[in-house]
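Here is a short briefing on the metal sites of this model. Have the structure open as you read.

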Amino acid sequence: MGLKARMWILFILISIIHAGGILIFIKGFLLKRSVVLKNNTCHVDFTMKVDNHEEEGCWMHRRFQKAIVIIIDALRFDFAYYNTSIIKGQELPFENKLKIIHEKLIHSPQKSRLYRFIADPPTTTLQRLKGLTTGSLPTFVDAGSNFASSEITEDNIIDQLRRQQKSIVQMGDDTWEGLFPNRFIRSYPFPSFNVKDLHTVDNGIIKNLIPELKKSGWDMLIAHFLGVDHCGHRFGPYHPVMGEKLTQMNDVLRSVIKTMDNDTVLFVLGDHGMTRTGDHGGDSKDEVDAALFVYSPSKLTETVAPKLEDSPSVSQIDLVPTMSLLLGVPVPFSNLGMIIPELFDHGPWAQAGTSEVKQVFHKIKALRLNAHQVKEYLHAYSLISEDFPKHQYKDLNTLFSLSENELQRLIMNIYHNGEHEDLLSRLEKLETNYKSYLTNVRGMCQGIWAKFDTTSMSLGLFLTCFSIGITVFQLFHTNSQERFEVAFWTSTAVSGWSSAFVAVLWFSLMEAKTAIMLGTMFFGFSIILIVGFIIYKLMMARGSEQSSTPSLSGYFSIHGICAILITFMYFCGFFSNSYVVFEDSMSSFLLQSLLWIQSTFIYAQQCGTEPSKQISEKKRAKFDIFRTLTNRKMKPLYLALTFNLCVRLSMNFRACREEQWTCETSSFLLPLSSFTDSIPLKNARYFFSVIAIILPSIGLRWFLKHYGNLNGKSLLVLSTKYCIPIGMLFIALYWALQALPPQVLDSLPVTRLFPRIVYVANLITIVAVFVNPLSIYILPKATMESHYEPTAKISNNIIPQMYNQMKDSLNELSENEHKTTNGAETSDDVELPVVYGLATVYSSAMIIFTAAVTEILYLLLGDGVAASLSLALCNIFIGLEMYTCWKCWMKDTSWDVPWSVIVLWGLMSSQYFFATGHQATVPTIKWEAAFTGFHGDFESHILPGLLIHLNTFASEVLVSLTLPLILCWPLFRTSRYSIRKGSSDNWNEGADKGELVLIENSVQFQLCVFKLGLGYVLFHAVKLLGSMLAAAVLRRHLMVWKIFAPRFIFQSVSFITIYVVVIMSVGLMQHVHSHLGGWLNRLEKTK
Ligand SMILES: [Zn+2]
Ligand SMILES: [Zn+2]
């Protein structure tokens, strides 16, 4: 087993422990509510036997025969509410468009009601539909499964209706089909995923709605419109298209109302609202405040209508019991909602309208049924789970039996004495009691379903700490092969056994008590650690002669300690809600601080290394501002300034979190088509973005040409030469199309063609890198003379490397005098071939690969924020140059990358996560990325998931990919320095070989690449631990679901992404390494 294999085993073992830690933690943290699989039937013991409704309903006499449910997705309350104070012509696009609602409220106050319809977060459509049909409260874990909607198994109103032989017709959003397969007698599903498509679903419904309404044979008709929601996602509520969409909805409602008969009730509702930017998913007021409009052509309620301005609030889960009892079917078993009482005070069959007592009594009957149903559910739930706090549960039961007894007394009273004067007030008191019972139950349930499994959480945390421990241990033992071996056996043994132990623990003791679990865990891990320690000591003793002590200089130098402090500060930031909210500012502050510490350190180092003679000479010389400023010593400071500038500029691309109330949305985040009023601004932004993405590709070309990696006709060279510019061209064209009005854009087939060309072009490049990553070129021998002359002339542009150079060093023939920069010049061996591009053979492969990936990321990020990625590239370049400077002034030829440089890379990836328009919240996820190049009717969710993922973690992917460049860059860049200085001051002997030194010291290469990758992963693992620990410690915090839980989830996904990308880039380095080795061998043989 070679060094390489061992490295991979360690990488994989550590990743297994990390993944295990994350998964186990998630299991304990994002708990699911237990599902009670029980259904309510007509024959329950709490329905009054005397009250037999037979055909006219189950628990209660039904009020309506048919119901029309129109869901306008994302119908915010203020979309439905008519604001009379707004002057006509000055309303915003979403204001005062649903005029029909206003007309009905004014002209038929007892036949219509408008409510604020409060959603329980998460405000995603799937979660809302579950709540709207089952009446249950959502748990956080459901939020993640939005795209994998599965059939609802809990009792729900659809199944209740079907059990009473009612027929349901559904049209619109196809999510319903997934939730309730085969439940509808007729359905007209339309795809819901394509948020760019504003019309397909709505037009499909409109075509079928009225004909369906006129048909007989249905009892409930559900129409789910998506246009308003999609318009919000695409343009936001302030766009004129929103006005058109709402006007269209107004027309739909008007024609629906026209067809209604007296026995039909209409519910128009939004499943959630939307933010100012048109997104939803969180729990801000704008997202939670939906609208509910109830209407019937016959009298709905006896209650006097409230003033229009103060529409009452009802919860979304209240819809289920209300609808059930109005239609005379049992309330679903798991419902926790409360009926809307005022809709139950009018009962024409019971002459409830005749007296106030009868009205209240009728209401109480409905409330009582509701309370009984909830009580049954609590009882069933308490049998399968011990979640409910005992005293609270008992208090609720007491309140319930008090109300029941009072009701019995009242009924007896009426029976014996008839209506008497204090009857009404007693009835009203009873009504309040039932209401408060139902409200308190909901409160208790909301409290307990945020209950955590602390055993799993602590095990998850422990595993994360454990793998961080192994990583640190391994990092300290990677400075020599012997030490690596010793640590390898220890780490493998310890981590292998612990994974097995945890797996066994998990499956055998999952149901056991916390104490037993923790005890076994503690005991097991102690044994594993002790055995690991013994192995370590034995191995150390055996190889004590060779193994040297670890060099800690990289970690405990001044900048190293500063970097550790900065990592620690980042770690601590996760524990404060305001730090997490303003993490974008925090990460850029820490990044800039670390950079200045480094550049000051390099500057100080330079002054320290300067010979005293020169200093005294300089002191004598007059102070010359120009000379001071152009001094090479100033380079790190200039680099740092440019770096700072880039970071500052990148802040313009940040998105706003809802909690950052002073933040204003950057105009880079708006779609190009929304610049409707300013054409010059539109053009300026477009050309700015295009130039921003073209500049790096010019840089790439120049770099490859300069180092001779762009010669020949290999697949890699050709694809770099042609595919990358073609990709750029089509990105620019695609962005130009974005400026078109959306209606025109949707009908153009090229909107999908252009991005696909970009994907294909870059995939070709990526494949080319994997097929043959060597972008080197052997000058043909026969034509050597003719080719040689021009090469010499442009020797500044192309550094050819003579094969004999590395052959010499391979054979350790140091007396060979042929070495010069341009090789062939002094060579008397004419047979030797000239090879271009060897000095940058590793980095060119890395850079070409990165370029192809970056181009795809540009495309996915879109024309607004793509420019920010170019700033990231600029920062990476400066970081590399700075590190090279550092190496030169330190005269450091070791390949050990200091900890502080790794932390710099880590902080850059965090910084640009925010600077590419992202935040760690659900509403800021850019769903539209899934439609770059695709229409949206996806078969599976893998591809759209991947595209959204790449968009979200673009910065992590890019920065982590360039990680191995830290190792390579100084190798060929310092060669320039030392050569310029001449051989007299040649501190770096291997400098003129560039990256070829890597192949000469294969063992050291493997160790350094491994160490670099592992160190980088360590930084992110510390961040992961921070967010995990914060979520665990602050799980009772008010803001846990809003701030800490999403932060932890984003961090774990980003960590996994980074781990994968690091493995990819390390793998690519080794791929180049083995290819180069093979190439050298073949060359050897041909000679
Ligand atoms: Zn929705
Ligand atoms: Zn939506």
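Donors are N, O and S atoms within 2.8 Å of the metal, and water is not among the atoms, so sites may look incomplete. The model is predicted. By that cut-off, the zinc ion (ligand 1) has its protein donors at 1.9 to 2.6 Å. The zinc ion (ligand 2) is 4.6 Å away from the zinc ion (ligand 1).

**Zinc ion (ligand 1)**
- Asp-73 donates through OD, listed twice, and Thr-125 through OG1.
- Asp-271 (OD) and His-272 (NE2) are also protein donors of this ion.
- Along the sequence, the donor residues of the zinc ion (ligand 1) have the spacing D-x51-T-x145-D-H.
- Asp-271 is buried, at 0% relative accessibility.
- His-272 is buried too, with a relative accessible area of 0%.

**Zinc ion (ligand 2)**
- The protein donors are Asp-229 (OD, listed twice), His-233 (NE2) and His-280 (NE2).
- They lie 1.9 to 2.4 Å from the zinc ion (ligand 2).
- The donor spacing along the chain is D-x3-H-x46-H.
- Angles among the 4 donor atoms run from 57 to 150°, and the site is irregular.

**Chain context of the zinc ion (ligand 2) donors**
- Asp-229 sits in helix α8 (residues 227–235), while His-280 sits in the loop between β6 (264–269) and α10 (285–288), so the pair ties together parts 51 residues apart in sequence.
- Asp-229 is buried, with a relative accessible area of 5%.
- His-280 is buried, with a relative accessible area of 10%.

Methods:
Residues numbered from 1 in each chain as written. Chains lettered and ligands numbered in written order. Predicted model: local features only at pLDDT ≥ 70, side-chain atom pairs only at ≥ 80, totals over all residues. Heavy atoms only, no water. Donors = N, O, S within 2.8 Å, 3.2 Å for Na, K, Ca; no water. Tetrahedral: all angles 85-135°; square planar, octahedral: opposite > 155°, others 65-115°. Helix = DSSP H or I, 4+ residues; strand = E, 2+ residues; numbered from the N terminus. Buried < 20%, exposed > 50% of the residue type's maximum accessible area, 1.4 Å probe, protein only.
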